[in-house]
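This report covers a ligand site, a strand hairpin, one helix and a parallel strand pair. The sequence and structure come first.

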Amino acid sequence: MENSRMRKVVRLIPETKGSFDFYEEKNEKEINEIKKETPSSNIDYSNPLIEVKGLKKSFGELLVLNNISTNIYPGEKVVVIGPSGSGKSTFLRCLNCMEDPSGGSIIFDGEDLADLKVDINKHREKIGMVFQQFNLFNNLTVLQNITVAPIHLGVKKLRKAQFKNFFIKIGNAFRKEKKPLIEAKSKKEIVKEATDNAMKLLKRIGLEEKASVYPSTLSGGQKQIIDIIRALNMNPKVMLFDEPTSALDPEMVGEVLDLIKDLASEGMTMVIVTHEMGFAKEVGTRVLLMADGIIAEEGTPSEVFDNPKNPRTIQFLKAVL
Ligand SMILES: Nc1ncnc2c1ncn2[C@@H]1O[C@H](COP(=O)(O)OP(=O)(O)OP(=O)(O)O)[C@@H](O)[C@H]1O
Ligand SMILES: [Mg+2]
């Protein structure tokens with residue numbers, strides 16, 4: 001019986017700011033000990049990670065987001081709920097620069113995303129996004145899916161270092177005091193590190209034997225777990241989830257939610273759009289209810305679910321609870 005309550009847990013290592021490790025086969029008591037070490041209430045309110053100010057988004061005549069303002073602090077798990085078409089996905093897509101806002105601003109990690117000097121690709125590296133439909137390449141194996149982004153990024157950094165070093169070397173020919181060259185890992189090292197890391201992760205979630213298979217041979221739940229691992233492998237500062245379980249068969253939902261819960265309890269900042277109200281109550285440190293393009297209600301899960309004030313919230317909760 002004891003074994004049935006054993007499950008794999010994911011643990012973020014706070015001192016490495018976002019990197020994570022997996023602890024296998026912990027029982028509930030051990031899991032609770034880990035959670036005590038890094039409690040989910042560990043939110044740093046000194047500086048918001050994301051500041052959303054008066055965000056507006058229209059598609060032609062259709063005003064989808066109408067003046068959304070909210071701050072998201074490191075360690076928060078913000079759950080976004082609301083009726084279909086209320087703009088939840090559009091909101092997440094604006095945070096990830098997949099949509100250009102029509103007005104207002106988003107300051108991410110101190111950088112205004114509307115500023116043309118901000119490198120959008122660099123910004124996206126800080127964000128892990130997981131959609132309802134798995135974001136895996138069908139023509140790449142599981143291992144390639146997990147390593148493709150870190151390898152690409154590593155090689156990009158290597159090229160940049162090589163380019164700069166070329167000019168440093170020329171300059172050094174004329175300098176008395178030589179400028180040091182920029183250190184960079186070789187391509188072989190980059191590939192090895194990304195592969196070793198990916199294999200370690202796959203082994204620890206028990207999907208090691210799936211490394212060389214193609215996503216089409218995986219179950220929906222496995223695909224979504226691999227997709228989450230793929231996003232985590234970039235060491236993001238925040239994870240955005242857009243209904244990560246709504247395309248899954250019911251029996252696969254639990255496993256994916258468990259993985260997200262483990263990440264949440266270990267300190268990952270998250271914004272999660274979900275229709276799973278039980279999960280929202282359990283994991284959310286704050287709930288935003290979006291309706292008609294605005295934040296109709298905002299508060300702790302118990303404030304929003306047990307004591308809603310806005311008639312729109314009451315109507316929505318009546319329909320879904
Ligand atoms: N690229 C687009 N072009 C035109 N209209 C769009 C576009 N994306 C979204 N919309 C519209 O914006 C509105 C909000 O869509 P969005 O997907 O953000 O809602 P949602 O709250 O995520 O809904 P659901 O719960 O069904 O996922 C909808 O009316 C949708 O049709
Ligand atoms: Mg949506």
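Which elements each supply at least two residues of the shell around ligand 1? They are strand 4, residues 62-72, and helix 2, residues 88-95. The model discussed here is predicted.

## Ligand 1 shell

Helix 2 gives the largest share of the shell around ligand 1, namely three residues. Around ligand 1 there are 13 residues, and those that come nearest are Ser84, Gly85, Lys88, Ser89 and Thr90. Sorted by class, the shell holds seven polar residues, four nonpolar residues and two charged residues.

## Polar contacts and cover of ligand 1

Two side chains place an N or O atom by an oxygen atom of ligand 1: for serine 84 the distance is 2.5 Å, and for lysine 88 it is 2.7 Å. The backbone also takes part, with a polar backbone atom of serine 86 lying 3.2 Å from an oxygen atom of ligand 1. On its own, ligand 1 has 640 Å² of accessible area, of which the protein covers 59%.

## Hairpin of strands 3 and 4

Strand 4, which contributes to the ligand shell, is also paired with strand 3, residues 50-59. The two strands run antiparallel and are joined by eight bridges. Isoleucine 50 has isoleucine 72 of strand 4 as its bridge partner.

Two residues lie between strand 3 and strand 4 in this hairpin. In the turn, glycine 60 has a positive phi of about 60°.

## Helix 6

Helix 6 runs over residues 220-232, a total of 13 residues. From its first C-alpha to its last it reaches 18 Å, close to the 18 Å expected at 1.5 Å a residue.

Is helix 6 mostly covered or mostly uncovered? Helix 6 is mostly covered, with twelve of its 13 residues buried. Among the buried residues are the charged side chains Lys223, Asp227 and Arg230, and also Ile225, Ile226, Ile228 and Ile229. Gly220 and Gly221 at one end of the helix, and Ala231 and Leu232 at the other, are buried as well.

## Strands 8 and 9

Strand 8, residues 127-130, has Ile127 and Met129 pointing one way, while Gly128 and Val130 point the other way. All four of these residues are buried.

In which sense do strand 8 and strand 9 pair? Strand 8 and strand 9, the latter spanning residues 238-242, pair in the parallel sense over four bridges. Within this pair, methionine 129 stands opposite leucine 240 of strand 9.

Definitions and conventions. Residues numbered from 1 in each chain as written. Chains lettered and ligands numbered in written order. Predicted model: local features only at pLDDT ≥ 70, side-chain atom pairs only at ≥ 80, totals over all residues. Heavy atoms only, no water. Near = heavy atom within 4 Å. Polar contact = N/O pair within 3.5 Å; in protein donor to acceptor, adjacent residues only side chain to side chain. Areas by Shrake-Rupley, 256 points an atom, 1.4 Å probe, with all protein chains shown as cover. Pairing = 2+ DSSP bridges. Expected span 1.5 Å × (residues − 1). Buried < 20%, exposed > 50% of the residue type's maximum accessible area, 1.4 Å probe, protein only.
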